[in-house]
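Here are my notes for a colleague coming to this one fresh. Have a look at the picture before reading on.

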Amino acid sequence: MEFTFNGISSREFNIKIKESNHLSIPKKKLEFIEVQGRTDNLIIDEGCREMLDISIEAYIDCRDNDTVTYATRLDNWLNSTNGYQDLIFDDGTILKAIFVGQIDFNEIVKNFNEILLQFKAYRESDL
């Protein structure tokens with residue numbers, strides 16, 4: 001599986017997704033207020049959904065360059081713009097997302113790493 005963020009494909013960074021929770025459905029945004037004298041809570045339904053915490057566990061093949069160069073390239077890609085950008089998965093899932101994680105490589109073997117990419121996201125249909 002692959003994804004595109006801010007118009008750039010993960011394929012350009014030799015990233016292969018191991019696991020992702022991008023198909024999760026966010027919770028409804030509800031507020032519960034305890035009212036004295038009532039046995040149940042007053043429920044305020046805000047009519048929208050909470051933000052998604054998207055985690056993408058992936059493998060990254062750094063044989064083309066060293067890991068430091070890849071880390072810099074990833075940072076430039078994921079943190080190059082402010083605000084929400086399109087996060088599109090090859091299964092058709094489209095989210096508005098912003099990268100919120102840090103870039104940490106876990107080397108498996110020389111120039112082959114595991115990485116965790118974290119985003120805050122929403123579906124426009126959930127607004």
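What follows is a walk through a handful of residues and pairings, point by point.

1. A word on the source. This is a predicted model, so please read every value below as computed from it.

2. Start close to the N terminus, with E2. This residue sits in the segment before β1, and it counts as buried because its relative accessible area is 16%, where the limit for buried is under 20%. Its side chain has a polar contact of 2.7 Å with that of R11, and another of 3.3 Å with that of K16. Salt bridges with shared partners bring E2, R11 and K16 together in one network. Setting aside residues up to four places away in sequence, E2 also touches others, including S9, S10 and I17, as well as I88, F89 and D90 much further along the numbering.

3. Which parts of the chain does the K18–E114 pair tie together? The two side chains meet in a salt bridge, 3.0 Å from N to O. K18 belongs to strand β3 and E114 to strand β10 (residues 112–122), so the pair ties together parts that are 96 residues apart in sequence. Both ends are partly exposed: K18 has a relative accessible area of 41%, and E114 comes in at 21%.

4. Another pairing is K27 with E50. This is a salt bridge too, with the closest N and O atoms 3.9 Å apart. Here loops are being linked: K27 is in the one between β3 and β4, while E50 is in the one between β5 (42–49) and β6 (52–61), and the two residues are 23 apart. K27 is exposed at 58% relative accessibility, whereas E50 is partly exposed at 33%.

5. Then there is D86 with K96. Their closest N and O atoms are 2.9 Å apart, in a salt bridge. D86 is in strand β7 and K96 in strand β8, so this pair ties together parts 10 residues apart in sequence. Both residues are partly exposed, D86 with a relative accessible area of 33% and K96 with 21%. For the overall tally, the structure holds 10 salt bridges. As background, side chains of opposite charge can pair when their charged atoms come close.

6. Is T93 buried or exposed? It counts as buried, because its relative accessibility is 11%, even though it lies in a loop, the one between β7 (85–89) and β8 (94–99). The side chain of T93 makes a polar contact of 2.9 Å with the side chain of D91. Beyond its neighbours within four places in sequence, T93 is in contact with H22, L23, L87, I88 and R123. I88 is worth a second glance, since E2 touches I88 as well.

7. Now over to strand β4, which is where E31 is found. E31 is partly exposed, with a relative accessible area of 37%. How far from M1 is E31 in space? The C-alpha atoms are 37 Å apart, with the two positions 30 residues apart in sequence terms. Apart from neighbours within four places, E31 is in contact with L42, I43, I44 and E46.

8. The surface has a nonpolar patch in this region of the numbering. L30, F32 and I43 make it, and its area is about 290 Å². F32 is in strand β4 (residues 28–33), and I43 is one of the residues that E31 contacts.

9. Two asparagines deserve a look at the backbone. Phi is near 55° for N6, a positive value in a residue other than glycine, and N14 likewise has phi near 55°. N6 sits in the loop between β1 (3–5) and β2 (8–9), and N14 in the loop between β2 and β3 (15–20). N6 is partly exposed at 23% relative accessible area, and N14 is partly exposed at 25%.

10. Last, the cysteines. How many disulfides does a search of the whole structure find? The count is zero. C48 is partly exposed, with a relative accessible area of 22%, while C62 is buried at 0% relative accessibility.

Technical notes
Residues numbered from 1 in each chain as written. Predicted model: local features only at pLDDT ≥ 70, side-chain atom pairs only at ≥ 80, totals over all residues. Heavy atoms only, no water. Helix = DSSP H or I, 4+ residues; strand = E, 2+ residues; numbered from the N terminus. Buried < 20%, exposed > 50% of the residue type's maximum accessible area, 1.4 Å probe, protein only. Polar contact = N/O pair within 3.5 Å; in protein donor to acceptor, adjacent residues only side chain to side chain. Contact = heavy atoms within 4.5 Å. Patch = residues over 30% accessible without salt bridge, like charges linked within 9 Å, V, L, I, M, F, W, Y side chains within 5 Å. Areas by Shrake-Rupley, 256 points an atom, 1.4 Å probe, with all protein chains shown as cover. Salt bridge = Lys/Arg side-chain N within 4 Å of Asp/Glu carboxyl O. Disulfide = S-S within 2.5 Å.
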